[in-house]
Amino acid sequence: MIETSMRGTRLGALSLERDDLVPPAERVSVKYVCPTGHVSHIPISVEAEEIPVEWDCRCGAVAARPNFIVEPKVLDRPVRTHWDMLLERRTLKELKALYEERVALLHEGAFAQSA
C-alpha cells in the first residue's frame with residue numbers, strides 16, 4: 001500500500017517565515033525608582049501615546065519616574081453609606097418620628113406573626 005501522509009513539519013505548529021529579518025519595534029527605556037531604592041528600566045514603545053509616571057515595583061511598592069511630580073489621586077465621589085442616603089431623603093426629626101411610630105406598633109403587637 002502506498003502511504004499518502006504528509007511529511008515534514010506539523011501543520012500549524014511551526015511558522016515557516018523567518019523572523020530574523022523583521023526589525024523589532026522601536027522602544028525607549030524609561031527609568032523608574034521606588035521608595036526602597038529599586039531601579040527599574042522598562043522598555044516602552046516609541047508609539048505609546050502616554051508614558052505612565054508610576055509603575056509597580058517588584059517589591060510591591062509604587063515606583064515613580066525621577067524628576068516627575070506624582071499628582072495625588074483624588075477620588076471622584078466619596079463612598080456613600082446607607083445612612084448618608086437615608087439622610088438625603090429624610091431629616092433627623094422625620095426619622096425620629098418614624099422610629100417612635102414603629103416602636104409603638106411593635107409594642108402593640110402589630111408586627112407579631114400569626115401562627
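Contact here means heavy atoms within 4.5 Å. This is a predicted model, so local features need pLDDT of at least 70 and side-chain atom pairs count only at pLDDT 80 or more, while totals for chains, interfaces and linings use all residues. Residues are numbered from 1 along each chain as its sequence is written, and side-chain values use heavy atoms, with hydrogens and water left out.

**View 1. The whole chain, with its run of elements β-β-β-β-α-α from the N terminus on.** The chain has two helices and four strands; these are DSSP runs, with helices being H or I of at least four residues and strands being E of at least two, numbered from the N terminus. Take the contacts between residues at least 6 apart in sequence: 18% of them join residues at least 24 apart. Of the 115 residues, 10% count as buried (buried is under 20% relative accessible area, exposed is over 50%, partly exposed is in between, with a 1.4 Å probe and protein chains only). About 11,200 Å² of the chain is exposed, and carbon and sulfur atoms supply 56% of that. Areas come from the Shrake-Rupley method with a 1.4 Å probe, and for residues only the protein chains shown count as cover.

**View 2. Helix H1 against helix H2.** H1 (residues 82-89) and H2 (residues 92-108) pack at an angle of about 100 degrees, their axes 8 Å apart. That makes H1 roughly perpendicular to H2 (65 to 115 degrees earns that label; under 35 is roughly parallel, over 145 roughly antiparallel, and the rest oblique). On the H1 side, the contact is made by Trp 83, Leu 86, Leu 87 and Arg 89, and on the H2 side by Leu 92, Glu 94 and Leu 95. Sorted by class, that contact has five nonpolar, no polar and two charged residues. For the bookkeeping, Ala, Val, Leu, Ile, Met, Phe, Trp, Tyr, Cys and Pro count as nonpolar, Asp, Glu, Lys and Arg as charged, and the others, Gly among them, as polar. The axes are lines fitted to C-alpha atoms, for helices over the stretch in contact, and angles run from 0 to 180 degrees between N-to-C directions.

**View 3. Cysteines without a bond.** With a disulfide taken as a pair of cysteine sulfur atoms within 2.5 Å, the count comes to zero. Cys 34 is in no disulfide, and the nearest cysteine sulfur, that of Cys 57, is 3.7 Å away. Cys 34 is buried, at 4% relative accessible area. For Cys 59, the closest cysteine sulfur is also in Cys 57, at 3.7 Å, which is too far for a bond. Cys 59 is partly exposed, at 38%.

**View 4. Ser 40 in strand S2.** Ser 40 lies in S2 (residues 39-45) and counts as buried, with 15% relative accessibility. Leaving aside residues up to four places away in sequence, Ser 40 touches Val 30, Lys 31, Tyr 32 and Arg 58.

**View 5. Three loop residues.** Gly 37 sits in the loop between strand S1 (27-33) and S2 and is partly exposed at 49%. The C-alpha atoms of Gly 37 and Ala 63 are 9.1 Å apart, with their positions 26 residues apart along the chain. Asn 67 is in the loop between strand S4 (62-64) and H1. Asn 67 has a positive phi of about 65 degrees, although it is not a glycine, and is exposed at 83%. Glu 71, in the loop between S4 and H1, counts as exposed at 66%.
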